[in-house]
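User: I would like to learn how to read a multi-chain model feature by feature. Could you take me through one, giving the general idea and then the case at hand?

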Amino acid sequence: MDLATILQVLDSTIRLSTPLLLACLAGLFSERAGVFDIGLEGKMLFAAFFSAAVAAFTGNAWLGLVAGIGASLALSAIHGLASITFRGNQLISGVALNFLASGLTVLIAQTWFKQGGKTPTLEDGARFGEITLPFAETLSGVPVIGPIYAELISGHAILVYVALACVPLTWWVLYRTRFGLRLRAVGEAPDAVDTAGVSVVRLRFTAVAICGILCGIAGAYLATSLQPFFSKEMTAGRGFIALAALIFAKWRPWYALMTCLLFGLLQAVALRFQNIDLGAFTVPVQVMDALPYILTVVILAGFVGKAIPPRAGGEPYVKER
Amino acid sequence: MTDTPAIELKGISKAFGPVQANKDISIRVMPGTIHGIIGENGAGKSTLMSILYGFYKADDGEIWIHGRKTEIPDSQAAISAGIGMVFQHFKLVQNFSVLENVILGAEDGGLLQPSLSKARGVLKHLAEEYELQVDPEALIEELSVGHQQRVEILKALYREADILILDEPTGVLTPAEADHLFRILEGLREQGKTIILITHKLREIMEITDTVSVMRRGQMTATVKTAETNPEQLAELMVGRKVLLQVDKVPATPGKPILEIENLRHVDDQGVERLKGISLDIRAGEIVGIAGVSGNGQTELLQVLGGYCHATGDIRVNGTPIDLTGKESDGRSRRARGIAHVPEDRHHEGLILPYTAWENTVFGYHRDAQSGSGFLMDNAAIKAEAAAKMERFDVRPPNPNLAAKNFSGGNQQKIVLAREIEQNPDVLLIGQPTRGVDIGAIEFIHQQIVALRDAGKAILLVSVELDEIFSLSDRIAVMFDGQIMGERLPSETDQTELGLLMAGMTNGQEKAHG
Amino acid sequence: MDKMPAWADAVLVPLISILLAAILSALVILAIGESPTEALWLMIDGALMRSSGWGYTLYYATNFIFTGLAVSVAFHARMFNIGGEGQAMIGGLGVALACLFIPWPHWSLALLGATGAAALFGAAWAWLPAYLQAKRGSHIVITTIMFNFIAAAVLNYMLVNVLRPKGAMDPATAKFPEATHLPTFQDMFSTAENVIFRGSPANITFFIALLACVAVWVLIWRTRLGYEIRAFGHSETGALYAGISPVKITVVAMLISGGLAGLMALNTTMGEAERLVLNATEGAGFIGIAVALMGRSHPVGVLLAALLFGFLYQGGAELALWTNIPRELITVIQALVILFTGALDNMVRKPLESIFLSLRSKGA
């Protein structure tokens, strides 16, 4: 394998990791606050459609992004209503929202665009273009470092850099701010937060809203940057891979980055090479597809480090003494 | 001392559906005093304090703090009014440090670092002033229960509370820890803090409070100066009539040993040794009572004997050993060997609350021939038998189709008791037989236990109520820290001696550990 | 005391939830510029007014009965088996292997054999998540989700690389032998002069589904195992006290659940397609969640809910054929049903409770 191929695979790793990372951090905020969310997939899908649709109408990718975030937030609101206000089953709510997104996107896409559940392909202004970082041109001549900088680090859409910036930001918010302290506390011991005079409901809604915003960005990235259109079920299980990554990362931001890059790499490799010939035997492409899920089961089984979820996760908070 | 009470409640009432939890309650607590509120379980103490801390809204009545009428719609308002609360079950984040727990909700500004530094200083100061030493950087899950409680007090003081409410604070403490707590409370009183101590232990009331209010069935029956009352009078006010301390029973005539326990050891999931070599014999026709502060291994002892907690050592029933770790170490095998078990916690163990009464009357025996044949259960037969059992044990209402959760505590306990006693076991394990049970049912339950003894069965009784241990037991063993500190005959000991044993002291010597 | 009578909780709450879902669905139809009443009429006409429509409705219902029962059994043990989809896929693999590689003399024997294979394969796919939950505490919701994706990869591999006949393009097995073809409703109920259920896929598997309903009812409410499953579902500590092994119940309940989900493949793979295709399950594993929630995990409720969803599926197909409403409308309805019966049930229950409370206090 030459440097160019490796760079290509790594470049595509970064692109493919971005939606995973955003969704994973989204899940991190929600689950750290004690609200399980298996509806990441649905929120991304919803956001993907509305961002592509609005971008198609307005020709403006930024407006698309706003619409995507808004759409994702709407589903977050329902999830919050079900799991926080009405203390319903968070898992079932997530399942329902996934279906809702899956059905409504096609339904609306068909009504608006009549293209079999797709949006039209977005024109230039309606999608997030690639950004060339400073000196990318000048450095590209330098051996090894030049191509790495010019192709791998430079030349991505703005949302890629947003996603990467979200990692240290999440870490800082979680461990260095009052909000982060309360957020972590409410996922571990909501009664402690409540008796300390802080509203559990408001905290959890905030966390669920942040989750919505990040899923919104993830969805918008899918349909206005990674691909220039929305198509039916275009999230293709990414929400669940993000969920897997979140567990793999043990609900920590830097681990999340690492895991999402790993899972992104698996996708990139599966995309680039169908079956991998290892000489003695070939690794079928299906193994690459299934690997993130298999790895997560291994982690969940606790054979390689135990993944302990936030203690109050999944449980609605009922005031009691 | 001024004439303005630190806290004054005027005519507080609160109903949950048809249940009147608090009815027209009024008290005045003067600043710089310790005020006790005493009452049985379910007397309404906790509801009252929840109203004071903004958990519930009173239907009627007023709260006055330092002479000002105050609305307390939520905990934030209670904190602002200078009220701090130490709950029975601590409200701490287990994997946070002491510091993080203390500042949670009382941070200065959006960034953590300044708050943490400030709290570190304040804590140091508070530790010196009130004997509240605790490592500020330690994680809560690494701390002992006594230290966790200190963190709760520190939380309140950090928020500059001048009224401190403690709900059953000694329930989880060893006597030494409880003494330390009382020293802390006295120190706080000296600094002018007002303290409300909720408890059902008369001894604590007598030891530390200045004034005491007695609650019964949602009402405040009396408020008196502690110096002007005595335990007997308080007990009477609490239960509303002379307490039956003596159960009618003839002296025991113990036969051969039925249950023999030798060097029983159990290590829990956290690697803590909960049973440290228990040896005990129980003979036919004998009630052996285990006294002790809860959390000293009694629960584990019952669970090991009941078959759902692994252990090492030897247990023999009627001379033949039982399996402690292998295939036969489960509840079902124990029942087959004639060990019946009325567990301490009927809500989480003894009953399946959503199940009907009849379904509960075979719980644990549902695989036996009496419950059906082959794979199937004989529901009609079980139901008929259940109705008869409920009749015999005076379960009210005697309706086998009613879900267990719809019975009162006493009647739930009777269902469990009926199930276990009617199996005619050789050994009955019984934990906290009258916890959360109304007075009328207590007598009935005690009679049933004694009757079973008189029928020649071996009975192991675990209770945290010393009175109950005294009145039922033919022999008393005291547990402390996973060991049996000593055995006494009820006629040859008294509460003081048992209290010392329960605190881990033999011959006036405190044991090295603890 | 309970705040409202048991029948109200069992019947009124789901009914009102469905009503809410129906109203919202009608609004969705209005919003995309179609008429809800016309749509409903079209659905009824296409699904219920002709025997062939019934043939499709019952065909879909058969799938949903199996997956609904699967989710229900797990619910009774307080486990959420989202893995019905994967278990049904692997069940399909079992059916295909049994039909392709065993020379059955008659369809009845083939059906018996395939039933065993479907249940066995489905159960096997549920085993590891169950074992990990019981022994290692791995959250079964997450592991079963993961196993759905792994199942899809396995199926994909088997169909593309192993079972695909030489020269064939689409990822599917060869056609099953003639002797394994199951009698359809058309075969069973038509007479020479009167052909009914013409061309519709409903087949004898429907009766196996009905049998499964009865079997699950007996299991849950009449057997000692069912008693233990429900007891464990209500209280794990109670189960331990009673000598019920949590590990055993977790694993056994999930094996039964997985087996039931696997049985669904009989209907789609053996009864309808007569070969194993990539997307044989068509999301029926997930619809089982809606069916179980709506049916309150009771076989009678599951049967009724499965029939309703069978109707929605067939009706939805008709809509897509005759109007501009895509089939995905059914996904939306399904989502709303799950949302209202499973997650927002308190929103419905709370007002009902206060109505009953005020009625009672007036009566008293």
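Analyst: What follows goes from the overall form of one chain to a sheet, a buried strand residue, a core, a helix and an interface. Please keep in mind throughout that this is a predicted model.

User: Let us begin with overall form. How many helices and strands does chain B have, and why can chain B be called as compact as a globular protein of that length?

Analyst: The general idea is to set the radius of gyration beside a rule for globules. Chain B has 17 helices and 24 strands, and its radius of gyration of 25 Å is close to the 24 Å given by the globule rule for 514 residues, so chain B is as compact as a globular protein of that length. Along the principal axes, the C-alpha atoms of chain B fill a box of roughly 70 × 50 × 50 Å. Of its 514 residues, 46% count as buried, and of the contacts in chain B with a separation of 6 or more, 68% are between residues 24 or more positions apart.

User: How do I read a sheet, and which strands of the open sheet of 4 strands in chain B stand at the edges?

Analyst: One reads the strand order and then looks at the partners. In chain B, an open sheet of 4 strands runs in the order β2-β1-β4-β5, with antiparallel pairing. The edges are β2 (19-29) and β5 (68-69) of chain B, each of which has a single partner strand, so one side of each is left without a neighbour in the sheet. Strand β4 (residues 60-65) of chain B is joined to β5(B) by 2 bridges, the two strands running antiparallel, and B:W64 has B:K69 in β5(B) as its bridge partner.

User: Turning to a single residue, is B:L164 buried or exposed, and which residues does B:L164 touch?

Analyst: Here one counts neighbours and then asks where they come from in the sequence. B:L164, which lies in strand β7 (residues 163-167) of chain B, has 23 other C-beta atoms within 10 Å and is buried, since the cut-off is 20 or more. Leaving aside residues up to four places away in sequence, B:L164 touches B:G84, B:V86, B:A156, B:L188, B:K193 and B:I195. B:L164 and B:G82, which are 82 residues apart in sequence, are 8.4 Å apart in space, C-alpha to C-alpha.

User: Which residues touch the most other members of the largest nonpolar core?

Analyst: A core is read through its members and through the elements that supply them. In the largest nonpolar core, of 393 residues, A:C24 and A:A245 touch the most other members. Helix α10 (residues 200-226) of chain A gives the most to this core, with 17 residues, while domain 1 (7-239) and domain 2 (257-350 + 425-510) of chain B each contribute at least three residues. Not counting residues up to four places away in sequence, A:A245 touches A:L20, A:C24, A:A256, A:T259, A:C260 and A:F263.

User: How many residues of helix α12 of chain C are buried?

Analyst: One asks how much of a helix is covered, and then what comes after it. Helix α12 (residues 284-294) of chain C has 11 of its 11 residues buried, among them C:F286, C:I289 and C:M294. Just after α12(C), C:R296 takes a positive phi of about 55°.

User: Finally, how many residues of chain C are in contact with chain B?

Analyst: The size of an interface is often given as the accessible area lost when the parts come together, but residues can be counted too. In this model, 17 residues of chain C are in contact with 24 residues of chain B. On the side of chain C that touches chain B, α9 (224-234) and α10 (236-241) of chain C each supply at least two residues, and α9(C) gives the largest share, 5 residues. The residues of this side of chain C divide into 7 nonpolar, 7 polar and 3 charged.

Key
Residues numbered from 1 in each chain as written. Chains lettered and ligands numbered in written order. Predicted model: local features only at pLDDT ≥ 70, side-chain atom pairs only at ≥ 80, totals over all residues. Contact = placed C-beta atoms within 7 Å. Nonpolar A, V, L, I, M, F, W, Y, C, P; charged D, E, K, R; others polar. Rg over C-alpha atoms; globule rule 2.2 N^0.38 Å. Buried ≥ 20, exposed ≤ 12 C-beta atoms within 10 Å, placed from the backbone. Core = buried A, V, L, I, M, F, W, Y, C linked by C-beta atoms within 7 Å. Domains from an automatic or database assignment. Pairing = 2+ DSSP bridges.
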